[in-house]
Amino acid sequence: MSGVSVTKVSKGPVPATDDLVVLSDVNKHFGALHVLQDIDLTIRRGEVVVVIGPSGSGKSTLCRTINRLETIDSGSITIDGKPLPQEGKELARLRSDVGMVFQSFNLFAHKTVLENVMLGQIKVRRTDKKAAEAKARALLDRVGVGTQADKYPAQLSGGQQQRVAIARALAMDPKVILFDEPTSALDPEMINEVLEVMQQLASEGMTMVVVTHEMGFARSAANRVVFMADGKIVEQATPDEFFSNPRSDRAKDFLSKILHH
Amino acid sequence: MNVLLDHFAEFRNGFIGTVEITAVSSVIALLLGIVVAGFRVSPVPPLRAFGTAWVTLLRNTPLTLLFLVFVFVVPEILFPGMSPFVLASLALGFYTSSFVCEAVRSGIGTVPLGQAEAARSLGLTFSQTLRLIVLPQATRTVLPPLSSIFIALTKNSAIAGAFSVTELFGWQTLMSEQGYAIIPIFLWVAAAYLVITFAISGLFRLLERNLEVAR
């Protein structure tokens, strides 16, 4: 017991450590379905964590709990030392530091591409319009859709829309970006243009949580692979370890189904 | 024919009265309806409960009863000396706001959930999300039912005539009391209502055409 008390040196706000997102003992049910079971997961600053697993394993739900698009039944989630607050202004502020990229892009349909990337800066960050526009154009150039700035989302291809969505998330200078199956709704020839942008972000040191079925991306960009099945984290390892030598039967079974054809 | 020419001044006053009460209570109904719809989809339980109570109470009360309450009870308790025009506009506006609320709420339901999720992920508050992202996209869906609601409001304003507000239908009562033939009176009143209701549907058709959203 004395050893425990020694470690509790500081009081008050948790000091900024390298642990950016910490989920501990998180549980969630959808009715009778126990979608997240005793999830413990720590994501360090600058880390790229890829979450894979069969569909229905709870990986999207896990991703969505991190910015509280899904509430949890028990356990705790902290971001940069701060526990997720209840719905309200405080939560809105915290969400602005957590970028999110959706499977179905979710660009604002009634706003142009440029306006999509400017909106958060102006309404949440209170940046002035000129600066917001300059930044939005720079980000759109960076993801390769600078020439589409004045079009509406529906006029763009899926791959272009998803890259705009990434630019929209980046415009908030987030501490971490969550990717919820970012390429699953894309035609095959558009997947790579999105993955390339994500790869570039990863190499620049952005903290990323990526739920995906793209094993190639997991191999090349991830620091760590988290394998989920039936609401539990079954296995965590570096990509090399995981793909060449999975420990659990569940992971072996999963990999044998997706890697051989 | 004579009935209109002989009493054109009263007819004109009635017409203007109907236009006025329609306009004022439409504005009240629209603003209140949107606010209450916001309450009904809000994450705050007391606001949701208030919204539900508002709609249930007003939508299910017969309009004539509501007029009675507003014109005779409200000034006794709350605002003595308020004009019948204002009281009648409030009664009609409040009543119609419950229908506007439900139309707006159904419009909110047609906007994909992902739009609101994306807005909230950026850090927009609930009310910003509603104002900047959801309502603008719901507008076009809401226009056709709103058009019907405001036309109904126009015709409902006839009840105000029974509570000493000068409006079109009151002119009919006045004229039949003076012994004019009933059918021409009603034809002129009907024509005047048509002018107003056609104007409303025209306005809404224009709005619909200008608010096309590409998806």
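1. Let's start in strand β8(A), where Met208(A) has Ile177(A) standing opposite. Please keep in mind that this is a predicted model. The pair belongs to a wider match: strand β7 of chain A, residues 176-180, runs parallel to β8(A), and five bridges join them.

2. How do β7(A) and β8(A) fit together with a helix? Along with helix α7 of chain A, residues 188-203, the two strands form a β-α-β unit that is right-handed.

3. There is another partner for you to look at. Strand β3 of chain A, residues 48-52, also pairs with β8(A) in the parallel sense, here over four bridges. In β8(A), the residue with Val51(A) opposite is Val211(A).

4. Is β8(A) mostly covered or mostly open? It is mostly covered, as five of the five residues in 207-211 are buried. Side chains in a regular strand point alternately to one face of the sheet and the other. In β8(A), one side carries Thr207(A), Val209(A) and Val211(A), the other Met208(A) and Val210(A), and both faces are covered.

5. Now a loop residue worth a click: Ala222(A) sits between α8 (215-221) and β9 (224-229) of chain A. Why does Ala222(A) count as buried? The cut-off is 20 or more other C-beta atoms within 10 Å, and Ala222(A) has 24 such neighbours inside 10 Å, so it qualifies.

6. Which residues does Ala222(A) touch, leaving aside those up to four places away in sequence? They are Val48(A), Val49(A), Val50(A) and Pro239(A). By contrast, 29 Å separates the C-alpha atoms of Ala222(A) and Leu156(A), which are 66 residues apart along the chain.

Terms used:
Residues are numbered from 1 along each chain as its sequence is written. Chains are lettered from A and ligands numbered from 1 in the order in which they are written. This is a predicted model: local features need pLDDT of at least 70, side-chain atom pairs count only at pLDDT 80 or more; totals for chains, interfaces and linings use all residues. A residue is buried if 20 or more other C-beta atoms lie within 10 Å of its own, exposed if 12 or fewer, and partly exposed in between; C-beta atoms are placed from the backbone. Two strands pair if DSSP finds at least two bridges between them. A crossover is right-handed if, with the strands pointing away from the viewer, the path from the first strand over the helix to the second runs clockwise. Two residues are in contact if their C-beta atoms, placed from the backbone, lie within 7 Å.
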